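Please look over the sequence and the structure shown below before reading on. This briefing is meant to be read next to them.

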Amino acid sequence: MKLKTSEPFWLVKNGILESYPSLRENIETEILIVGGGITGSLIAHQCIKEGYITVLIDKREVCNGSTSATTSMLQYEIDVPLYELTGMIGNDGAEKSYWACFDSIDDLQKVHQEVKSEAGFKKKKSLYFAALKKDVSWLKKEFEARKAAKFPVKWLEADEIEKHYQLKNTYGGILSDQGGSIDAFRLAHDILRFNHKKGLQIFDKTEITKTEYSKTGVKITTEYGNFIKAKKIIYCNGFESTEIIKEKFVDLLSTYAIVSESSEEGMPHLENILIWNTAEPYLYMRTTDDNRILIGGEDEDFVDARKRDALLEKKAKKLQKTLGKYIPDYDMRIDFSWGGTFGETKDGLPYIGEHPDFPGAYFVLGFGGNGITFSVIGMEMVSDFLKNRKHELSEYFKFRR
């Protein structure tokens, strides 16, 4: 499955930071991680820290799947609003899920510091504004739900939003104190490099052609006939997990993003804020550390990569026009545009844990708009799984829930 198109900004900006060899021998290990993006790198970081002999493989160059196409917005807000999630899974599960995402942003900052990354982690606030007048009532309901759960939020009227952030045509919104941005492509590379020096074995351009599961371990065979035997296998392969899990558990969508040319003067009023709205599909935007605006959205059902790619020019122009609605004085000239594939679950929550059809395996699949924060939560959950401990979120993130 092809996950991205055209020129993702992060890939072009960074180039090839590191390349690893393909597997050329037969090896045995304690932990085998499948997927070398931001999720796989974080799980590998946790496993190496806890002393497990760990191998990571990817069928591409590492970090060249969805991680190169992400907008790298770090939000604690789940795609399903807190008050709606409460109705789905109960107050306890909804609040715990939101708080876990909230804390994960600070946890990611610690990882960034620990591996001495140059990925530009930056704490920011987050603005969730009403795109239509009719959205105000339910957005205020969401504001009250977050306030009751003690999240640091404030309601801003439309004139306040325009005053502080120079955004026009909003109908008010929720300002949250917790959020952040990063270059996830760079961070994943930095995490892998850090742990490679500590003993993590990394093999990219290594595709699995056969997997044999048992209660005592897993054996995978590659396209070149080499094999890896592991006590546990952890799948961090995102949307490509749909190729091995045959049941319908996630809806795949195409999403699009554009990045402006760099501006010498920048946009200081937007530098410390993440912005998204209540439109369907919703719009999201942030600035980059080299004074660009990144805007994404225009999601639609994923049919195939060819159709997604064919829509790129049309979607880029629509995003450009939409930005003009909210920031009419900004001369948006597109420097990069790309499309990607992501997943949407029925409750906005990830799938992290075991699957009954795959003995000896764990999955860390952070679907939705905040997949990176879900991956950080997955670090702690995997740590518990490997110690045969139950995590408090397991019930809410399990398959067939």
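The notes below cover a sheet, the helices on it, a pocket and the cavities.

The structure is a predicted model. It contains an open sheet of 8 strands with mixed pairing. It also holds 2 cavities of 30 Å³ or more, and the space in its second largest pocket comes to about 530 Å³.

**The sheet**

- The strands of the open sheet follow the order 6-7-5-14-15-16-13-17.
- Strand 6 (153-156) and strand 17 (334-344) are at the edges with a single partner strand each, so one side of each has no neighbour in the sheet.
- On average, neighbouring strands of this sheet are turned by 20 degrees against each other, direction ignored.
- Strand 17 pairs with strand 13 (residues 251-260) in the antiparallel sense, over 10 bridges.
- Within this part of the sheet, Ser337 in strand 17 has Ile258 opposite.

**Helices on the sheet**

- Helix 5 (residues 136-148) packs on the sheet and touches strand 5 (125-129), strand 6 and strand 7 (173-176).
- The direction of helix 5 makes about 155 degrees with that of strand 6.
- Helix 9 (residues 312-326) lies across several strands, including strand 5, strand 13, strand 14 (273-277) and strand 17.
- Helix 9 runs at about 125 degrees to strand 16 (293-301).

**The second largest pocket**

- The lining of this pocket consists of 25 residues, divided by class into 12 nonpolar, 4 polar and 9 charged.
- Asp79, Ala279, Glu280, Tyr282 and Glu344 are the lining residues nearest the centre of the pocket.
- Helix 3 (82-89), strand 14, strand 16 and strand 17 are the elements that each give two or more residues to this lining.

**The largest cavity**

- The volume of the largest cavity is about 50 Å³.
- Gly15, Ile16, Leu17, Glu18, Glu61, Val62, Asn64, Phe185 and His189 line the largest cavity.
- By class, these lining residues are 4 nonpolar, 3 polar and 2 charged.

**The second largest cavity**

- The second largest cavity has about 30 Å³ of space.
- Its lining is made up of Leu270, Ile273, Ile275, Met285, Arg286, Thr287 and Ile293.
- Strand 14 and strand 15 are the elements that give two or more residues to this lining, and strand 15 gives the most, with 3 residues.
- The lining of the second largest cavity has 5 nonpolar residues, 1 polar and 1 charged.

Note on methods. Residues are numbered from 1 along each chain as its sequence is written. This is a predicted model: local features need pLDDT of at least 70, side-chain atom pairs count only at pLDDT 80 or more; totals for chains, interfaces and linings use all residues. Side-chain values use heavy atoms; hydrogens and water are left out. Two strands pair if DSSP finds at least two bridges between them. Helices (H or I, at least four residues) and strands (E, at least two) are DSSP runs, numbered from the N terminus. Axes are lines fitted to C-alpha atoms, for helices over the stretch in contact, and angles run from 0 to 180 degrees between N-to-C directions. Contact means heavy atoms within 4.5 Å. On a 1 Å grid over the protein atoms alone, a cavity is a set of points where a 1.4 Å probe fits but cannot get out, and a pocket is an open set with protein on both sides within 12 Å along at least five of seven lines; lining residues have an atom within 4 Å of a point. Grid points are joined across faces, edges and corners, and a volume is the space filled by probe spheres set on the points. Ala, Val, Leu, Ile, Met, Phe, Trp, Tyr, Cys and Pro count as nonpolar, Asp, Glu, Lys and Arg as charged, and the others, Gly among them, as polar.
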